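Reader: I'm in my first year and still learning how to look at a structure. Could you take me through one part of this one slowly, and then show me how to follow it into its surroundings?

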Amino acid sequence: MIVDEFSFKHPDNQHRKRLSRILPLDSSDPKYVEVEKLFFKGWCHLDKQKPEIRGVFKILSPDESLEPYVYYRSQVQAFNLLSRYKKGANEQLCFHGTRRLCALGEDSSKVYLCDFPGCSICGIIRNSFDVGKCGDAHSFKRFGNGIYTTSCASKADDYSSIGRSNCQHLNRNSRILLLNRVVVGKPHHRRQNGTHMSQPPPGFHSVIGLPGVDLNYEETVVYRNDAIRPAYLVVYGPPVEPEGTFKRNIFIPNPLGNPVDSQQPMARGLFKAHAMLSALFNTPLAV
Ligand SMILES: [Zn+2]
């Protein structure tokens, strides 16, 4: 039996490279488009430059790893059906940023997991999440000992990092996030920290931290390994300007009437003088 579309054995994944765990998606693939939409919808920090997506990979797993997840999802579904919670298993796709030490995903040929013990990206793809290891890198756990994800890609980006690595092919200009299937079930919403927590309150399956009091962006936390599986790898980075384009200069009109390149030292002086005169007369000067 094939568990689902993320299984090695699924017909859609037959063309994966032997022994690889990730499969590059074409930008026309509906799954690529879905991931791209979630990524840009979740880019909520106004002070962070909007990146460009360089690749999306589907993460494949053996059926033995997918089965406990699918079983837990069906249990949550049944529980919520009985308790008349309309969203059922409430499966969501949420981002998680972590450390990497290798060049996985930097182009469509880099599809093999590394063996570096500290490469968390490869560790999670290989064995999925482990609540016992989560948050190792961060001593502060806002909602206790759980597995942290978010719909806010730009927040997950804060946790995406490159560790000390000898990998020759690593492009430090590329960033990587995991997009994961999460059984959110019936969530317990919190605005205040709950660092003591090791599970959601009875009757709930997850904790969702809401922005407003103790945090600025949403967080979704699950406390069981079987409540989450990595689904996609998103590779992105700062937008690359096409070759042949030049940095646009800003022209500041000056009191003499000639446009001046703002990047020239003389222009900066003129601009300053202009601003000082404006301030002195407490009125904008006509130019
Ligand atoms: Zn790696």
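Author: Let's begin with strand 9 and strand 10, which pair in the antiparallel sense over 3 bridges. Keep in mind as you look that this is a predicted model. To find one of the paired positions yourself, go to I208: its bridge partner in strand 10 is T220. Strands of a sheet pair through backbone hydrogen bonds, either parallel or antiparallel.

Now widen the view a little. Strand 9 and strand 10 belong to an open sheet of 4 strands with the order 5-10-9-8, and the pairing in this sheet is mixed. Strand 5 (147–149) and strand 8 (187–190) stand at the edges with a single partner strand each, so one side of each has no neighbour in the sheet. From one strand to the next, the twist averages 25°.

What joins the two strands we started with? Between strand 9 (206–209) and strand 10 (219–222) there is a loop, and V213 is found in it. Is V213 buried or exposed? With 11 other C-beta atoms within 10 Å, V213 is exposed, because 12 or fewer such atoms make a residue count as exposed. V213 still has contacts with residues from elsewhere in the sequence: leaving out residues up to four places away, V213 touches R191 and Q192. You can also compare V213 with N193: these two are 20 residues apart in sequence, and their C-alpha atoms are 8.9 Å apart in space.

From here, follow the chain to the other sheet. This open sheet has 5 strands in the order 1-2-11-7-3, with antiparallel pairing. Its edge strands are strand 1 and strand 3, each of which pairs on one side only. Here the twist averages 30° from one strand to the next. Within this sheet, strand 2 and strand 11 run antiparallel and are joined by 6 bridges. A handy place to check this is V56, whose bridge partner in strand 11 is V234.

V234 also takes us to the inside of the model. In the largest nonpolar core, which has 52 residues, V234 is one of those that touch the most other members, together with I59, Y232 and L233. Strand 11 (residues 228–237) gives this core its largest share, 7 residues. Look at Y232 for a moment: apart from its neighbours within four places in sequence, Y232 is in contact with V35, V56, F57, K58, I59 and L179. As background, nonpolar side chains tend to be buried together in soluble globular proteins.

Next, see which helices lie across this sheet. Helix 1 (residues 30–41) lies across strand 2, strand 3, strand 7 and strand 11, and runs at about 125° to strand 2. Helix 3 lies across strand 1, strand 2, strand 7 and strand 11, and runs at about 30° to strand 7.

Why is helix 3 described as largely enclosed? Of the 8 residues of helix 3 (residues 120–127), 6 are buried, so the rest of the structure largely encloses this helix. The buried ones are S120, I121, C122, G123, I124 and I125. They pack against strand 1 (22–24), strand 2 (52–59), strand 4 (99–100), strand 7 (175–183) and strand 11. After helix 3 comes S128, which has a positive phi, near 65°.

Helix 2 makes a good partner for study. Helix 2 (residues 63–82) has 20 residues, which at 1.5 Å a residue should span 28 Å; the end C-alpha atoms are 28 Å apart, in agreement with this. The buried residues of helix 2 are L66, Y69, Y72, R73 and V76. Seen down the helix axis, these buried residues fall within an arc of 130°, so they line one face of helix 2. On the other side, E64, Y71, A78, L81 and L82 are exposed. Strand 3 (91–96), strand 7 and strand 11 are among the elements that cover the buried residues. Helix 2 is followed by R84, whose phi is positive, near 60°.

Finally, step back to the whole chain. Its secondary structure comes to 5 helices and 13 strands, and 32% of its 287 residues count as buried. Among contacts in the chain with a separation of 6 or more, 66% are between residues 24 or more positions apart.

Conventions. Residues numbered from 1 in each chain as written. Predicted model: local features only at pLDDT ≥ 70, side-chain atom pairs only at ≥ 80, totals over all residues. Core = buried A, V, L, I, M, F, W, Y, C linked by C-beta atoms within 7 Å. Buried ≥ 20, exposed ≤ 12 C-beta atoms within 10 Å, placed from the backbone. Contact = placed C-beta atoms within 7 Å. Expected span 1.5 Å × (residues − 1). Arc of directions from axis to C-beta. Pairing = 2+ DSSP bridges. Axes fitted to C-alpha atoms, helices over the stretch in contact; angles between N-to-C directions.
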